[in-house]
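Ready to poke around in a new structure? Here are a few exercises, each with a worked solution.

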Amino acid sequence: MDVAAQVVTELVANAVEHTDAATVGASITRVGKESARIVVTDTSRTRPTPGTPSPNDEHGRGLLLVEALAHAWGSELVRGGKRIWAELRVPSAC
């Protein structure tokens, strides 16, 4: 749960900070016995890219963190904006 919360926080924060979208959506869906998919949508057509922050930078690590925590992640343009997704492995007992 902590990993999922961190990934949602990073993706939503990016949508709020780096777009002028009036609406941001988020969902978590179980996809199979051992994975969950987090999806964040916004109305921007600009796809996210991981930053290359220097050690002293205070920002720019969000997508690098998502990349480290998620089994897979990506983005896709959709009608009206974009969808950023991340898949996490989830123990089957959850």
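The exercises below deal with salt bridges and a surface patch in this predicted model.

**Exercise 1.** Find out how many salt bridges the structure holds, and which residue pairs with Glu87.

*Solution.* Start with the count: there are three salt bridges. Next, look at Glu87, whose partner is Arg37, with 2.8 Å between the closest N and O atoms. Now place the two: Glu87 sits in strand β4 (residues 81-89) and Arg37 in strand β2 (residues 35-42), so they are 50 residues apart. Finally, Arg37 counts as partly exposed because its relative accessibility is 23%, and the partly exposed range runs from 20% to 50%.

**Exercise 2.** Work out which parts of the chain the salt bridge of Lys82 and Asp42 ties together, and whether these residues are buried or exposed.

*Solution.* First, check the contact: the Lys82 and Asp42 side chains meet at 2.8 Å, N to O. Then trace the elements: Lys82 belongs to strand β4 and Asp42 to strand β2, so this pair joins parts 40 residues apart in sequence. As for exposure, Lys82 and Asp42 are both buried.

**Exercise 3.** Describe the salt bridge of Glu76 and Arg83.

*Solution.* The distance comes first: 2.7 Å, N to O. Then exposure: Glu76, at 28% relative accessibility, counts as partly exposed, and Arg83, at 30%, counts as partly exposed too.

**Exercise 4.** Find the residues that make the nonpolar surface patch.

*Solution.* Look for Val3, Leu65 and Leu69, which make a patch of about 190 Å². Then zoom in on Leu65: this residue lies in helix α2 (residues 62-69), and its 30% relative accessibility makes Leu65 partly exposed.

Conventions
Residues numbered from 1 in each chain as written. Predicted model: local features only at pLDDT ≥ 70, side-chain atom pairs only at ≥ 80, totals over all residues. Heavy atoms only, no water. Patch = residues over 30% accessible without salt bridge, like charges linked within 9 Å, V, L, I, M, F, W, Y side chains within 5 Å. Areas by Shrake-Rupley, 256 points an atom, 1.4 Å probe, with all protein chains shown as cover. Salt bridge = Lys/Arg side-chain N within 4 Å of Asp/Glu carboxyl O. Helix = DSSP H or I, 4+ residues; strand = E, 2+ residues; numbered from the N terminus. Buried < 20%, exposed > 50% of the residue type's maximum accessible area, 1.4 Å probe, protein only.
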